[in-house]
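Me: I should like to understand how the descriptions given to this structure are justified. Please set each value against its definition.

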Amino acid sequence: MKYSIIIPAYKAHYLDECLRSVLSQTMEDYEVVVLNDCSPEDIRGIVKRHDSPRLRYYENENNVGAIDVVDNWNKLLGLAQGEFVICMGDDDKLSPDYLEKINGLMEQQPGLDVYHARAIITDEQSVVTDIQRDRPDHQSMYSFLWHADTSFMGDFCLRTEALRAVGGYVKFPLALYSDWATIDLLSKEKGIANLHEPIFSYRNTTESISNSGDARIKIEACISIKKWQEKLLEDIPQDPTDQIYRELYLKNLDRHFSQSHAEYIAEDMSRHFFTGFFHWIGNINRLKVSTGHFVLACIKAIHYKRMGYYNSKK
């Protein structure tokens, strides 16, 4: 079997739409594996509506939860039988020709471990709100890092054997940067083949893990991610252009994470401003958050609180 589409499932609302998209592929050499993370919603019932020999269904005995969600990705990786694997959310969609287009990309650039499908971003009503920037036919890991664009795990089709060889999907709390880190690791030697057509649809909702979860956990995750990236980039690449990308990325690493920390500080303070303010004012040096970014975080926190942006989020 060539492809495994793996889906860690917890939310029922868009799951039927998701499954209809993956079971409508124009290419036939694939399977779909769904893992129910002990959801209180009727995940099983929705899956059972789809009477397909391609579909395999599993359930966790206990809820893994959002913080450790990458454990579900790796459990599914262990269940996958395909030569290549696509891990997507329970509210995302594939165009009918997703696998056919990816297969054509593999024929054009054989032997790689990472193939990328361009994505569109939609809201809860399926209205398109954004589209990924187009990328070159092939790019190195260093180019991918420097020209960072919004990416999602479902954008990528990965060689299963290579992914297992590096220990599976890279785990950070709340899967924060886990998609990027996994792609960095797998593409370091051979790079990434990119498809220009947008054939993956990512749904950005208030229930998305990136839009929920504890902001303080996100910041601690960012600290771990920064250390992980610094280690990844210890070796100097041979290609002169990649050397430039590496140098530029490392020079801007503190600024990048200062901005990320500031956004999560704003999220945290929007929920409890005064306790949050005194907590973070004592941690800005440890986090290397610039004064400007901290002031901006305070302004954003007041705005988020007035708008009630995070009030309903845990």
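The questions and replies below treat overall form, burial and cysteines.

Reply: This is a predicted model, in which local features need pLDDT of at least 70 and side-chain atom pairs count only at pLDDT 80 or more, while totals for chains, interfaces and linings use all residues. Residues are numbered from 1 along each chain as its sequence is written, and side-chain values use heavy atoms, leaving out hydrogens and water.

Me: How do you know that the radius of gyration of the protein chain agrees with that of a compact globule?

Reply: The radius is taken over C-alpha atoms, and the globule rule is 2.2 Å times the number of residues to the power 0.38. For 314 residues a compact globule would have a value near 20 Å; the protein chain has 20 Å, and therefore the two agree. The C-alpha atoms fill a box of roughly 55 × 50 × 35 Å along the principal axes.

Me: Why is Cys-18 called buried?

Reply: Buried means under 20% relative accessible area, exposed over 50%, and partly exposed in between (1.4 Å probe, protein chains only). Cys-18 has a relative accessible area of 0%, so Cys-18 is buried. Cys-222 also counts as buried, at 0% relative accessibility. Buried residues make up 54% of the 314 residues in the protein chain.

Me: What makes a bond between Cys-222 and the closest cysteine impossible?

Reply: A disulfide is a pair of cysteine sulfur atoms within 2.5 Å. The sulfur of Cys-222 is 18 Å from the closest cysteine sulfur, in Cys-298, and is therefore too far for a bond. The structure holds zero disulfides. Cys-18 is likewise in no disulfide, the nearest cysteine sulfur, that of Cys-87, being 11 Å away.
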